[in-house]
Amino acid sequence: MAMIEIRHVFKWYDKFQVLADCSTQVEKGEVVVVCGPSGSGKSTLIKCVNALEPFQQGEIVVDGVSVGASATNLPKLRARVGMVFQHFELFPHMSIVDNLTIGQVKVLGRPRELAREKGLNLLARVGLSAQAEKFPGQLSGGQQQRVAIARALSMDPICMLFDEPTSALDPEMINEVLDVMVELAAEGMTMMVVTHEMGFARKVANRVIFMDGGRIVEDDAKDTFFGNPRSERAQQFLAKILHH
Amino acid sequence: MNYHWNWGIYFQTVQAGEETYLDWLISGLGWTLAVALTAWLIALAMGAVMGTLRTLPGRAPLAIGNAWVEVFRNVPLLVQLFLWFFVVPELLPRDLALWVKQDMPAKEFVTAAICLGLFTSARIAEQVRAGIQSLPRGQRMAALALGFTLPQAYRYVILPMAFRIIIPPLTSEFMNIFKNSSVAFAIGVLELTFQARQMQEDSEQGIETYLAVTVLYFLCAFLANRGMAFIERRTRVPGFIAAGK
């Protein structure tokens, strides 16, 4: 069974349709990159996976749990799905290490010392041990995003969702974040990544999904997508973002 | 001006009794502080709750929060005080009404603190709502994505930041609550304004009386302001609001 199953999902804001009949799946250990022009619904789709955005029709199943079902304990489900946001969204009033422990303590009920130890280990892993007692506002964007990834990992997630993790970063900081993500992929983490970083997609993605107008237009193995995209829309998109 | 100045009046004993006028003023100041600080606790608690309700999903919480703010903000404070004192007890069940009217301890004080607290809570609710809405929407999402329930998201992420943001308007409210507590004299709380009227009538030294009272209110509000400034410095988030320092 797939880790994430998305079946015929539709979503509307009032009468405006943002997702139309989206179906795909992410297998355990797979890295799937979602790309497409802005407004194509890719961020909305990924937020539907952990129910940060509701959807009106269809079904999403994460590790056997139906996200849309009313009986589902959403906090419990979300605690198992790591998420990284475009604008980092660290908690500005907490030190870096507190950002990494609060979820473990308040949601998972881990003892504080244990949570702190794990947090510091993860911080070392993303190369930011020296920043443990600083506050998010004192870090660069790239550093903040690495902390955000560490925060998501502190919950021992079964899969990770990335919503344009590098698009708010200065160009020179993009690689430090992508490096962490590449490493994570190499360790076998199941990942669904909304990004325009085609270099990242080429390097680690198993599959690439291309969205346009709320629909999944292409859902291909990486080599097929880059070598021979079927839809004209994807060809245009690739032509634009690969040759600038 | 044909006024008989007497700057020693504060240390003279009152017409009928052993106390000095200064004793009256100090006792009045004590009740003023008691009313204001009790009301402040009520105002903060209810303001946080009602302000939060107005930011929750769904129509019912919003409606309750809106109604709360409109009711307490649109009726004059003095009228509210009389409503609480004279009208509300009549609306209670008979036994409770009897107890409130006859046996409730410090009835005037309790009424004044509740009235002023709820009046101020409506204003704080507005500020809390504005503070919450000024936070990036992603903060709530990040908290929920981490597995927090909505109450946990408010408790650990949203409200701590919202309250930091609204410290400047909260400071004004905290200062106002000392000044507004003066209406409590109208239902017989023996606070500073009440004691001032009593002292003026008793001593016939109006200028000295109201000068002292003015200074005491000024000090209350001034110290409230300094206290909030201290809290603002202590809770400042490094690197978050760069302005100032």
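Two strands pair if DSSP finds at least two bridges between them. Strands (E, at least two residues) and helices (H or I, at least four) are DSSP runs, numbered from the N terminus.

With that in hand, let us start in chain A of this predicted model. Here four strands form an open sheet in the order 2-1-4-5, with antiparallel pairing. Strand 2 (16-26) and strand 5 (65-66) of chain A stand at the edges with a single partner strand each, so one side of each is left without a neighbour in the sheet. Further in, strand 1 (residues 4-13) and strand 4 (residues 57-62) of chain A pair in the antiparallel sense over five bridges. One bridge to look for joins Ile6(A) to Ile60(A) in strand 4 of chain A. Helix 1 (residues 42-49) of chain A lies across strands 1, 2 and 4 of chain A, at about 120° to strand 1.

Now move to chain B. Helix 6 (residues 137-145) and helix 7 (residues 150-165) of chain B pack with their axes 9 Å apart, at an angle of about 120°. The two helices of chain B are therefore oblique to each other, a word for angles outside the ranges under 35, over 145 and 65 to 115 degrees. Where they meet (heavy atoms within 4.5 Å), helix 6 of chain B brings Gln139(B), Arg140(B), Ala143(B) and Leu144(B), while helix 7 of chain B brings Leu150(B), Ala153(B), Tyr154(B), Val157(B) and Ile158(B).

Residues are numbered from 1 along each chain as its sequence is written, and chains are lettered from A in the order in which they are written. Local features need pLDDT of at least 70, and side-chain values use heavy atoms.

Terms used: Predicted model: local features only at pLDDT ≥ 70, side-chain atom pairs only at ≥ 80, totals over all residues. Axes fitted to C-alpha atoms, helices over the stretch in contact; angles between N-to-C directions.
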